[in-house]
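Biologist: Here is the model I want to go through. I will ask what each label rests on, and you can set the values against the definitions.

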Amino acid sequence: PADRTVLLTGAAGGLGTLMRGLLPSYGYTLRLLDMRPVDGEPEALVLDLSTATGDELRAAVRGVDAVIHLAGISLESTFEKILEANIRGTYALYEAARAEGVRRIVFASSNHAVGFTPVPGDGKGAAGAGGAPLIPVDTPRRPDTFYGLSKCFGEDLAQLYWDLHGTETVSVRIGSCFPEPTSVRMLSVWLSPADGARLFHAALTAENVGHTVVHGSSANTRLWWDLGPARALGYEPRDNSEPYAAQLIAEQGELDTARPDQAHLGGHFCTRPPSWPH
Ligand code: NAI
Ligand code: 15L
């Protein structure tokens, strides 16, 4: 058992709620933080990372062994809102962690940091024609949104804090972590909640990570990206989206890389639906 105290930011959100349920079984004691109250958790810290004082944030991280940083806007928004929540908020958290000597942060980065990377081959992985190389973790940054750009910032901030201050980070470029895959794209990028907890546990316990960037998904048959760097941390995925494939394909059709909203890793984030800001 891990026997460590971990601050979980964004604890009221979808992923935070899933991880609140799963991580305690690995032995972690969680301290919860969100700008909204966390259901059923009256002791959770209710703080906005972008407006809290330095003293408030230092108190929030004081004494923890690590932070899992999920708090932020999780979809596209206006540049100003992304700037406050994701850029200023992530900076403020890192600065508090540095000041309090917190050794490690696991940063929830996103596939949207590299969302304009073309889907490999026909997008069907081992269920299709095969042969196309998987997307490597050092693929050039190609953010698909201001949201994705803020994740690039977070990864670079993590590198700076490692090089300058020795604060360790594992940046996990999460695919889609939801209870079940709900689109044909998610057959490729799905991270089951149980595999998400396995990956966060590996990211918290691997040694000498410096700043390491990994892809975060289950061992999906239709995988688009290389899970080698995550496996090198000790992550052993046990789930695969393939049992969901027949029904999703019957409902939505096969993935079609000629469609602009299915041609890239970031899916419809690359085609800016008209309902989005700007
Ligand atoms: P979510 O939107 O459900 O939860 C985010 C939480 O952060 C919310 O509870 C919100 O109140 C909180 N928050 C926002 N701004 C804050 C601030 N300034 N201070 C304190 N709390 C703040 O998002 P979800 O799906 O739970 O994602 C969690 C993290 O993982 C996000 O950073 C997201 O970008 C990242 N991610 C999630 C993926 C997924 O599949 N769920 C995929 C890739 C990345
Ligand atoms: C993300 O980064 C989002 O936070 C999440 O809500 C999903 O949209 C996910 O990516 C995805 O690409 O499916």
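Modeller: Leucine 7 stands opposite valine 67 in β4. This is a predicted model: local features need pLDDT of at least 70, side-chain atom pairs count only at pLDDT 80 or more, and totals for chains, interfaces and linings use all residues. Residues are numbered from 1 along each chain as its sequence is written, and chains are lettered from A and ligands numbered from 1 in the order in which they are written.

Biologist: What makes β1 and β4 a pair?

Modeller: Two strands pair if DSSP finds at least two bridges between them. β1 and β4 have 4 bridges, in the parallel sense. Therefore they count as paired. The strands themselves are DSSP runs of E, at least two residues; helices are runs of H or I, at least four residues; both are numbered from the N terminus.

Biologist: What lies on the other side of β4, toward β5?

Modeller: Another parallel pairing, with 4 bridges joining β4 to β5. Valine 67 stands opposite isoleucine 105 there. The chain crosses from β4 through α3 to β5, and this crossover is right-handed.

Biologist: Why is a crossover called right-handed?

Modeller: Point the strands away from the viewer: a crossover is right-handed if the path from the first strand over the helix to the second runs clockwise. The crossover from β5 through α4 (residues 146-165) to β6 is also described as right-handed.

Biologist: How do you know that β6 is largely enclosed?

Modeller: A residue is buried if 20 or more other C-beta atoms, placed from the backbone, lie within 10 Å of its own, exposed if 12 or fewer, and partly exposed in between. In β6, 7 of the 7 residues are buried, so the strand is largely enclosed by the rest of the structure. Glu168, Val170, Val172 and Ile174 are on one side, with Thr169, Ser171 and Arg173 on the other.

Biologist: Which strands are at the edges?

Modeller: The open sheet has 7 strands, in the order β3-β2-β1-β4-β5-β6-β7, with parallel pairing. β3 (45-46) and β7 (211-216) are the edge strands, as each pairs on one side only. For β7, the partner is β6, with 6 bridges. Within that pair, valine 170 stands opposite threonine 212, and arginine 173 opposite histidine 215.

Biologist: Why is asparagine 208 called exposed?

Modeller: Asparagine 208 has 6 C-beta neighbours inside 10 Å, so it falls under the exposed limit. This residue is in the loop between α6 and β7. Its phi is positive, about 50°, although it is not a glycine. Most residues other than glycine have a negative phi.

Biologist: Why is arginine 272 only partly exposed?

Modeller: Arginine 272 has 14 C-beta neighbours inside 10 Å, so it sits between the two limits. Phi of arginine 272 is near 45°, again a positive value in a residue other than glycine.

Biologist: What makes a residue part of the shell around ligand 2?

Modeller: Its C-beta atom, placed from the backbone, must lie within 6 Å of the molecule. Ser74, Leu75, Ser110, Asn111, His112 and Ser176 surround ligand 2. By class, that is 1 nonpolar, 5 polar and no charged residues. Ala, Val, Leu, Ile, Met, Phe, Trp, Tyr, Cys and Pro count as nonpolar, Asp, Glu, Lys and Arg as charged, and the others, Gly among them, as polar.

Biologist: How many residues surround ligand 1?

Modeller: There are 24, and the closest are Gly13, Leu15, Ser74, Ala108 and Ile174. They divide into 11 nonpolar, 10 polar and 3 charged.
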